[in-house]
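Morning, everyone. Please have a look at the structure on the screen, and I will walk you through it.

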Amino acid sequence: MPTTTEIEDFRRQAHAAVEWMADYLAGVERYPVRAQVAPGDIAARLPAAPPETGETLAAIIADIDRIVMPGITHWQHPMFFAYFPANTSPPSVLAEMFTAAIGAQCMIWQTSPAATEIETRVLDWLRQLLGLPEGLHGVIQDTASAATLAAILTARERASGFSGNRAGLGAAPRLTAYCSAEAHSSVEKGMGIAGLGRENLRRIPVDGRFALRPAALEAAIAKDIAAGARPAIVVATLGTTGTSGFDPLVPIGAICQRHGIFLHVDAAWAGSALVLPEQRWMAEGMGLADSIVVNPHKCLFTNFDCSAHYVRDPAALIRTFTILPEYLKTRERDRVIDYRDWGIPLGRRFRALKLWFVLRHYGAEGLRARLRRHIALTQGLATDIAAEPDFELVVPPRLSLLCFRYRPAGVDPAAFDALNQRLLDALNDSGALYLTQTRANGALVLRVSIGQTYTEAAHVARAWAAIRDTARRLSVLRDDHGERKA
Ligand SMILES: Cc1ncc(COP(=O)(O)O)c(C=O)c1O
C-alpha cells in the first residue's frame with residue numbers, strides 16, 4: 001500500500017492540479033494557439049540523462065508551466081480552426097482522472113467487467129444517437145486509422161477464406177481495395193500494413209462535390225476482376241478530410257453487394273453530425289455497410305482517444321484477431337465479450353468511461369445544440385468570404401468545414417499557391433489563430449474547421465478580420481477604395 005505520507009502528498013498535489021486544469025480551461029485564450037517554439041527548443045530544456053534520485057511531485061508539476069506549456073499547441077483554444085477539433089470537456093477530463101486512478105487494463109471481461117459492459121452499452125447509446133441501423137455492434141478503437149486497418153484486415157481474411165493470418169498471402173489471389181481520390185491517407189497506410197500493398201488500392205475519381213463516382217468504381221472493379229484480382233474492400237468516406245466530400249452509399253453499397261465486397265464507411269469526422277436528424281441525408285445506404293467508424297474524439301467533446309467502430313458481423317472481426325494462449329483463458333469466456341479480440345492490441349484502456357460521462361452530461365439535446373452552432377458559424381463565415389472579391393470559396397461549407405483561397409486581382413494566378421502559403425504561415429506565426437491547408441482541384445487552399453467547443457461568433461469574426469488584414473499586408477492589394485497599393 002502507499003504510505004500515508006505518499007497518499008497525503010498525492011491528495012494535495014491532485015487538488016492543486018485540478019485548480020491548474022480549471023484555470024487552464026478557463027484561460028486558454030491567453031496562449032498563442034499554435035506553439036511558437038522552434039524544433040529542439042523543448043528538448044534543450046530537458047536533462048540528457050534520467051534522474052538518479054526521485055523528485056517531489058510539486059517540483060515536477062512546476063515544470064508543466066516552465067517546460068511543457070511553451071511547446072503546446074492549444075487544441076482547446078476557441079481560435080483553433082486547424083485539422084479537425086480534438087475537443088475535451090469537463091466530464092471527459094474527470095472521467096480520464098478516474099480511469100488513470102483506477103488504472104485497470106481492460107483487455108478481457110474478467111480484467112474489469114464494468115469496462116466491457118459499459119463499453120457495450122454506451123456504444124449502443126451512441127449508435128442510437130447517430131441513427132445508425134440496429135444490428136451493428138460497437139467497439140472503441142484508439143483511432144479511426146486503427147478501425148480502418150481492422151476493416152481492411154477483416155476484409156482480407158474474408159476474401160482469402162481466412163487463410164491470410166494462418167498461411168500468409170502467398171497463395172491467395174491478388175486482393176484489391178477501392179476508395180475515392182479524396183479518402184484519408186489511413187486507407188493507403190492500412191493497405192501497406194495489411195500486406196496487401198499500397199499499389200493495390202485504387203483511388204477512384206470524384207465528381208464536382210468531391211464524392212466518389214460509382215460508375216468509375218464499377219469500372220475499376222470490373223477491370224481488376226478481368227485481370228484475375230479479387231476485390232476485397234471498398235472504403236467509402238462520409239466527410240473527406242480536405243474537401244468534405246460525401247460518397248453516395250446507396251450505389252456503392254449495391255456494387256459491393258453484387259461483387260461480395262466488404263464495405264467500410266469512414267465517417268471519422270462527419271459522423272458526429274448524425275446526432276442531428278437534419279444531417280442524416282448522408283447516412284442513406286448506411287444499412288449496406290459492413291463496418292463504420294465515427295470519432296467522438298473529434299467533435300463529440302470526448303478527449304482523444306476514442307474512436308467508435310461498428311461492425312455488422314463481429315464473428316468475422318473476432319476470427320481475424322483472436323488467438324488464445326493459456327494465460328488468457330477464463331471460465332466465462334463463452335458468455336461474455338472479450339474486446340481484446342476486436343482489435344489489434346491486447347491491452348485496452350477504459351475509454352468507455354469518458355464517453356459515458358460525456359453522453360450523460362450533455363444529453364442528446366446538449367450535443368445537438370453545440371453541433372448546430374458550429375455548422376451555423378461555418379455558414380456565416382462562408383457568406384462573408386463569398387462577399388469578398390479577393391477571396392474565393394473553393395469548397396463551400398458542408399457541416400463545419402470550408403476551404404478558401406486568397407486570389408487578388410492583378411496577381412498572376414501561378415503565384416496564388418505561394419501567396420496562400422505565405423498567408424497561412426503569417427497567420428499561424430501570429431499565434432492569434434491556427435488554420436491548416438489542403439489541395440482542392442489542384443490549388444493550395446486554406447481549410448477552416450469550426451468545431452472547438454467554445455468557439456463563438458466573435459472568434460470567427462476575429463479570425464476572418466485577421467485573415468483579411470494579413471492578406472492585405474502581404475501583397476499588392478486592393479485598398480478599401482478599390483485602388484492598388486504596393
Ligand atoms: C476522414 C478521416 N478519416 C480518418 C482520419 C484519421 O483519424 P485518426 O486520427 O482517428 O486515425 C481522419 C482524421 O482527421 C479523417 O478526417
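I will start with the sheet, go on to one strand, and end with the ligand. Keep in mind that this is a predicted model.

First, the sheet. It is open, and 7 strands form it. Their order is E1-E7-E6-E5-E4-E2-E3, with mixed pairing. Which strands are at the edges? They are E1, residues 137–141, and E3, residues 201–204. Each of these pairs on one side only. From one strand to the next, the twist averages 20 degrees. Helix H4, residues 113–130, lies across E1, E6 and E7. H4 runs at about 110 degrees to E1.

Now to strand E5, residues 262–266. Is E5 enclosed or open? 5 of its 5 residues are buried, so E5 is largely enclosed by the rest of the structure. Both faces are covered. Phe262, His264 and Asp266 are buried on one side, Leu263 and Val265 on the other. In general, side chains in a regular strand alternate between the two faces of the sheet.

How does the chain get from E4 to E5? It crosses through helix H9, residues 249–259, and this β-α-β crossover is right-handed. E4 and E5 pair in the parallel sense over 5 bridges. Within that pairing, Val234 has Leu263 as its bridge partner, and Thr237 has Asp266. E5 also pairs with E6, again in the parallel sense, over 3 bridges. There, Asp266 is partnered by Val293.

Last, the ligand. 14 residues surround the ligand. The closest are Thr143, Ser145, His184, Thr241 and Ala268. The shell divides into 4 nonpolar, 9 polar and 1 charged.

Terms used:
Residues numbered from 1 in each chain as written. Predicted model: local features only at pLDDT ≥ 70, side-chain atom pairs only at ≥ 80, totals over all residues. Pairing = 2+ DSSP bridges. Helix = DSSP H or I, 4+ residues; strand = E, 2+ residues; numbered from the N terminus. Axes fitted to C-alpha atoms, helices over the stretch in contact; angles between N-to-C directions. Contact = placed C-beta atoms within 7 Å. Near = placed C-beta within 6 Å. Nonpolar A, V, L, I, M, F, W, Y, C, P; charged D, E, K, R; others polar. Buried ≥ 20, exposed ≤ 12 C-beta atoms within 10 Å, placed from the backbone. Right-handed = clockwise from strand over helix to strand, strands pointing away.
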